[in-house]
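User: I have a model to go through. Let us test its labels against their definitions.

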Amino acid sequence: MARGLSNKEIADELCLSVHTVATHRRNITSKLGIHSSAGLTIFAILNKLVNLTEVRPQ
């Protein structure tokens, strides 16, 4: 998500269904109290879960 991939792209990369990716995304945002993709990206960068150079501009 933080790299700018869509649910479909993530599902294809991980060999999961789009529904599974959407469910995981919903659970992650709920548990973290983050309500946007931008918020998730910022969280991932600040917590060193993704490198800033890996984020794809939209």
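Analyst: Start with a cut-off: a residue counts as buried under 20% relative accessible area. The model is predicted. In its protein chain, buried residues make up 22% of the 58 residues.

User: Which residues of helix α3 are called buried?

Analyst: In α3, residues 37-46, they are G39, L40, T41 and A44. Each falls under 20% relative accessible area. The cover over these buried residues includes α2.

User: What makes α1 roughly perpendicular to α2?

Analyst: The axes of α1 (residues 7-14) and α2 (residues 18-32) cross at roughly 110°. Angles of 65 to 115 degrees count as roughly perpendicular. The crossing angle therefore makes α1 roughly perpendicular to α2. The two axes come within 8 Å, and the crossing is right-handed.

User: Which residues make that contact?

Analyst: From α1, N7, K8, I10 and A11. From α2, V18, V21, A22 and R25. By class, the contact has 5 nonpolar, 1 polar and 2 charged residues.

User: How many helices and strands does the protein chain have?

Analyst: There are 3 helices and 0 strands. Along the sequence the pattern reads α-α-α.

User: Why is the protein chain called as compact as a globular protein of that length?

Analyst: Set the value against the rule. The radius of gyration is 11 Å, and the globule rule gives 10 Å for 58 residues. The two are close, so the chain is as compact as a globular protein of that length. Its C-alpha trace spans about 30 × 25 × 20 Å along the principal axes.

Definitions and conventions. Residues numbered from 1 in each chain as written. Predicted model: local features only at pLDDT ≥ 70, side-chain atom pairs only at ≥ 80, totals over all residues. Heavy atoms only, no water. Axes fitted to C-alpha atoms, helices over the stretch in contact; angles between N-to-C directions. Helix = DSSP H or I, 4+ residues; strand = E, 2+ residues; numbered from the N terminus. Parallel < 35°, antiparallel > 145°, perpendicular 65-115°, else oblique. Left-handed = near helix turned anticlockwise from the far one by under 90°. Contact = heavy atoms within 4.5 Å. Nonpolar A, V, L, I, M, F, W, Y, C, P; charged D, E, K, R; others polar. Buried < 20%, exposed > 50% of the residue type's maximum accessible area, 1.4 Å probe, protein only. Rg over C-alpha atoms; globule rule 2.2 N^0.38 Å.
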